[in-house]
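Here are some notes to read with the model open beside you. Take the points one at a time and find each place on screen.

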Amino acid sequence: MRATELLAGAAALLASGVSAEAYLGFNSGNTLPSREAKFKKDWVQEFTTAQNLKNSPGVFNAVRLYTNIQAYSQTSEPIEAFEAAIETNTKILLGVWASGTNTIEPEIKALQNGIAKYGKKLTDLIIGASIGSEDLYRVSVTGIQNKSGVGAGPAELVKFIADWKKAFQGTAIANVPIGHVDTWDAWTNGTNKPVIDAVDWVGVDEYPYYENGKGNNIENSGYLFDRAYDAIEGAVGGKPIWVTETGWPYVGQTWDQAEATVKNQQYYWQEVGCRKLFGKVPTFWYNLRDSNPDNEMKFAITDNLSTTPHFDLTCPKTFKTTPKGSSSSASATSSATGTGVSSPSSMESGSSGSGSSGSGSSGSASSGTASSSEPATVTSPAETAVATGSATSVKGVSAAAVAGMTLLVGVFAML
């Protein structure tokens with residue numbers, strides 16, 4: 001075998017050994033539906049419920065935050081979700097609010113203050129950091145048309161990513177993987193490639209419910225999700241994909257062919273969550289608790305943080321969404337514009353860098369995402385019954401990676 005072929009094989013082994021765990025979690029903004037600030041006890045209640053949901057297909061022991069700053073803080077006070085995560089052993093996908101600001105220094109300082117206060121207890125729980133949330137969508141043609149608010153362009157985000165890496169170089173979280181979260185069509189827009197090049201993983205907010213004009217009835221939701229996901233895979237050059245927000249509302253208006261009902265919420269959980277995501281892809285579901293008062297659509301899977309959800313969370317053994325290549329009436333596209341709505345989380349609890357909690361918005365039309373833009377969404381099935389051979393965490397190296405390194409050493413010895 002030629003040395004180049006050996007190197008290619010080793011590289012493939014290394015790549016397979018450093019993918020992210022298939023985390024399971026929910027999104028969580030820094031304010032309550034009343035717009036009051038969340039405090040430690042509020043997050044403890046959320047995280048405890050998430051880990052004890054009846055008939056859950058895995059342990060939802062991760063959270064996606066939208067900011068490091070405690071709501072309404074006028075300084076860089078660390079968000080109290082940190083202490084709640086430590087108390088409940090909840091893994092943290094950090095969020096850094098990047099829209100409407102020319103610096104992320106307050107976000108950096110808040111995390112530094114948190115690390116100074118909690119040390120290894122906090123840093124050991126951090127699984128990643130997202131620099132920004134749907135910023136590219138908000139500055140897109142569609143986002144502007146739908147008055148989605150102030151965003152940030154590729155150059156700004158790349159700068160913020162560099163600022164973050166510089167701030168934490170040589171620290172306990174220096175090797176934590178960095179990503180950016182945006183709508184699926186933002187990732188397929190070629191002008192945003194500099195952001196893809198700058199991150200370790202891409203976070204996707206994807207909501208077939210809002211895909212009007214594309215056959216968005218519930219029976220097509222799995223196909224619409226898959227086709228958008230495939231489009232992202234084709235655009236990001238092999239970068240790992242984390243599904244940072246997805247879900248289906250149980251209350252709200254009929255959106256083209258999409259109806260908001262508990263029955264449809266369960267169907268989506270099964271056909272997208274169970275079939276495609278849980279135990280396979282880092283996933284942060286939207287949502288455990290509704291917290292955007294301006295959004296008519298309600299996505300929570302339970303009421304009042306009860307461990308008994310609206311529907312049975314048990315995953316079926318067979319699915320109605322057939323494999324790739326099968327016929328379907330769905331017609332998802334990978335265009336950079338769309339007629340759906342941005343995430344229901346959008347602007348739900350963003351910290352604009354001044355420590356404010358942000359104002360909720362009902363979402364802005366973008367193709368394929370309904371996220372809420374809170375500085376807000378997957379579980380660690382490696383520790384649960386859903387585990388299906390997922391690779392080790394990016395913080396560690398698997399046996400395959402070790403084998404690859406050994407092979408590389410042997411190759412170079414022959415050169």
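Is Arg35 buried, exposed or partly exposed?

1. Arg35. Its relative accessible area is 37%, so Arg35 is partly exposed. Keep in mind that this is a predicted model. Look for Arg35 in the loop between strand 1 (24-28) and helix 2. Its backbone deserves a look too. Phi of Arg35 is near 75°, a positive value, and the residue is not a glycine.

2. Asn89. Here is another positive phi outside glycine: Asn89 has a value of about 55°. Asn89 sits in the loop between helix 3 and strand 3 (91-96). Is Asn89 buried or exposed? The relative accessibility is 54%, and the cut-off for exposed is over 50%. Asn89 therefore counts as exposed.

3. Helix 2 against helix 3. Helix 2 covers residues 40-51, and helix 3 covers residues 81-88. Their axes lie 8 Å apart, and the packing angle is about 40°. The two helices are therefore oblique to each other. The crossing of helix 2 past helix 3 is right-handed. On the helix 2 side, the contact is made by Lys40, Trp43, Val44, Phe47, Thr48 and Gln51. On the helix 3 side, Ala81, Glu83, Ala84, Ala85, Glu87 and Thr88 take part. Sorted by class, this contact of helix 2 with helix 3 has 6 nonpolar, 3 polar and 3 charged residues. Look at the spacing of the numbers as well. An α-helix has 3.6 residues a turn, so residues three or four places apart point the same way.

4. Helix 3 against helix 4. Helix 3 also packs on helix 4 (residues 105-118), at an angle of about 40° and with the axes 11 Å apart. That makes helix 3 oblique to helix 4. This crossing is right-handed. Which residues make the contact between helix 3 and helix 4? Helix 3 supplies Phe82, Glu83 and Ile86, while helix 4 supplies Leu111, Gly114 and Tyr118. The residues in this contact of helix 3 with helix 4 divide into 4 nonpolar, 1 polar and 1 charged. Find Glu83 on screen: this residue is in the contact with helix 2 and in the contact with helix 4.

5. Helix 11. How many residues does helix 11 have? It has 15, running from 221 to 235. From first C-alpha to last, helix 11 reaches 21 Å, close to the 21 Å expected at 1.5 Å a residue. Its buried residues are Ser221, Gly222, Tyr223, Leu224, Phe225, Asp226, Ala228, Tyr229, Ala231 and Ile232. What do they pack against? The partners are helix 9 (184-187), strand 6 (201-205), strand 7 (241-245) and helix 12 (262-277). After helix 11 comes Gly237, with a positive phi near 60°.

6. The cis peptide. Which two residues does a cis peptide bond join? They are Tyr286 and Asn287, and omega is about 10°. Asn287 lies in the loop between strand 8 (283-285) and strand 9 (345-346). The next points stay in this loop.

7. Phe299. Phe299 belongs to the loop between strand 8 and strand 9. Its relative accessibility is 1%, so Phe299 counts as buried. Phe299 and Leu288 are 11 residues apart along the chain, and their C-alpha atoms are separated by 7.8 Å.

8. Ala300. This residue is also placed in the loop between strand 8 and strand 9. Ala300 is buried, with a relative accessible area of 2%. Leaving out residues up to four places away in sequence, Ala300 touches Tyr250, Gln265, Asn287, Leu288, Arg289, Asp290 and His310. One of these, Asn287, is part of the cis peptide bond. The C-alpha atoms of Ala300 and Val251 are 9.4 Å apart, with their places 49 residues apart along the chain counted as separation.

9. Thr302. Thr302 is found in the loop between strand 8 and strand 9. Is Thr302 buried or exposed? At 3% relative accessibility, Thr302 counts as buried. Beyond residues up to four places away in sequence, Thr302 touches Leu288, Thr308, Pro309 and His310. Asp290 is 12 residues from Thr302 along the chain, with 9.2 Å between the C-alpha atoms.

Note on methods
Residues are numbered from 1 along each chain as its sequence is written. This is a predicted model: local features need pLDDT of at least 70, side-chain atom pairs count only at pLDDT 80 or more; totals for chains, interfaces and linings use all residues. Side-chain values use heavy atoms; hydrogens and water are left out. Axes are lines fitted to C-alpha atoms, for helices over the stretch in contact, and angles run from 0 to 180 degrees between N-to-C directions. Helices (H or I, at least four residues) and strands (E, at least two) are DSSP runs, numbered from the N terminus. Angles under 35 degrees count as roughly parallel, over 145 as roughly antiparallel, 65 to 115 as roughly perpendicular and the rest as oblique. A crossing is left-handed if the near helix is turned anticlockwise from the far one by less than a right angle, and right-handed if clockwise. Contact means heavy atoms within 4.5 Å. Ala, Val, Leu, Ile, Met, Phe, Trp, Tyr, Cys and Pro count as nonpolar, Asp, Glu, Lys and Arg as charged, and the others, Gly among them, as polar. The expected span of a helix is 1.5 Å times one less than its number of residues. Buried means under 20% relative accessible area, exposed over 50%, partly exposed in between (1.4 Å probe, protein chains only).
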